[in-house]
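Subject: Structure handover and notes

Dear colleague,

I am passing on the structure we spoke about, and below it you will find my notes on what turned up in it. Please read them with the coordinates open beside you.

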Amino acid sequence: MFLSGLTREKQEVFLNLAYTMIYADGKLDAAEKKLFDTYKLEIGDADLDKAHKVDFAEGLAAFDDSSVKEKTGIFFELYAIALIDKSYPEEERVLVDIMQKRFGISNAKMQEMRDGLKALTEAYANLAKIVES
């Protein structure tokens, strides 16, 4: 949702951060894969097979010169990966904590994001029901 405005370099960094978040718990969940695949709409050559694990803190450093809006968007995208499969293991929590501190995201903003993601996924589920019935 928030990736098209990034430079090509930052898009590549984001994809590697996303890959790192996806595989933090050592497995690829179908919901995480589906979310990653949606990045192709914004980043034409977003390919899970081309991405790789990176040092998360170092990757986040690429966004140090970014605006608050850009950092918040990146945080949301990566946080959504952590939450989308309805599993939130410790490995993902550690990465989210690193990101929260680096980008200065408050607990209240994180709750807003959780609520927004829940509303979005419920809306998609409701639309799917409408189409299928």
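The salt bridges make a convenient place to begin, and the count comes to eight. Please keep in mind throughout that this is a predicted model, and that every value below was computed from it.

One of the salt bridges joins the side chains of E70 and K10, with a distance of 3.3 Å from N to O. This pair ties together distant parts of the chain, since E70 belongs to helix α4 while K10 belongs to helix α1 (residues 8–22), and the two are 60 residues apart. The surroundings of the two partners can be read from their accessibility: K10 has a relative accessible area of 13% and is therefore buried, the limit being under 20%, whereas E70, at 21%, is partly exposed. The E70 and K10 pair also has company, as K10, D65 and E70 are linked in a network of salt bridges.

Two further salt bridges lie in α6. The first that I would point out is formed by E112 and K109, whose closest N and O atoms are 3.7 Å apart; both residues sit in helix α6 with a spacing of three residues, about one turn of the helix. K109 counts as partly exposed, at 32% relative accessibility. The other is formed by E122 and K118, with 4.0 Å between the closest N and O atoms, and here the two residues are separated by about one helical turn because they are four residues apart in helix α6. In this pair K118 is exposed, with a relative accessible area of 51%, while E122 is partly exposed, at 40% relative accessibility.

Turning to the helices themselves, α1 has 15 residues and spans 21 Å from its first C-alpha to its last, close to the 21 Å expected at 1.5 Å a residue. Twelve of those 15 residues are buried, so α1 is largely enclosed by the rest of the structure. The buried residues of α1 include V13, F14, L15, L17 and Y19, and K10 of the salt-bridge network is among them as well. As for what surrounds this helix, the buried residues of α1 pack against α2, α3, α4 and α5.

Helix α6 has 26 residues and reaches 37 Å from its first C-alpha to its last, which is close to the 38 Å expected at 1.5 Å a residue. In α6, M110, M113 and L117 are buried, and the buried residues of this helix pack against α4 and α5 (90–103).

The same helix matters for the next item, which is the largest pocket. The volume of the largest pocket is about 880 Å³, and 23 residues line it, of which L35, I84, L117, T121 and Y124 are the closest to its centre. At least two residues of the lining are supplied by each of α2 (30–38), α4 (68–84) and α6 (107–132), and the largest share, eight residues, comes from α6. In composition, the lining divides into 14 nonpolar, two polar and seven charged residues. L117 appears in both parts of this account, being a buried residue of α6 and one of the lining residues closest to the centre of the largest pocket.

Two loop positions remain. V54 is placed in the loop between α2 and α3 (56–60), and with a relative accessible area of 26% it is partly exposed. Leaving aside its neighbours within four places in sequence, V54 is in contact with N16, L17 and T20, and these three residues are listed among the buried residues of α1. V54 and N16 are 38 residues apart in sequence, yet their C-alpha atoms are 6.4 Å apart in space.

The other position is K86, found in the loop between α4 and α5. Its phi is near 60 degrees, a positive value in a residue other than glycine, and K86 counts as exposed, at 79% relative accessibility.

With kind regards

How values were computed. Residues numbered from 1 in each chain as written. Predicted model: local features only at pLDDT ≥ 70, side-chain atom pairs only at ≥ 80, totals over all residues. Heavy atoms only, no water. 1 Å grid on protein atoms, 1.4 Å probe; cavity = no way out; pocket = protein on both sides within 12 Å on 5 of 7 lines; lining within 4 Å. Points joined across faces, edges and corners; volume = space filled by probe spheres on them. Nonpolar A, V, L, I, M, F, W, Y, C, P; charged D, E, K, R; others polar. Buried < 20%, exposed > 50% of the residue type's maximum accessible area, 1.4 Å probe, protein only. Contact = heavy atoms within 4.5 Å. Expected span 1.5 Å × (residues − 1).
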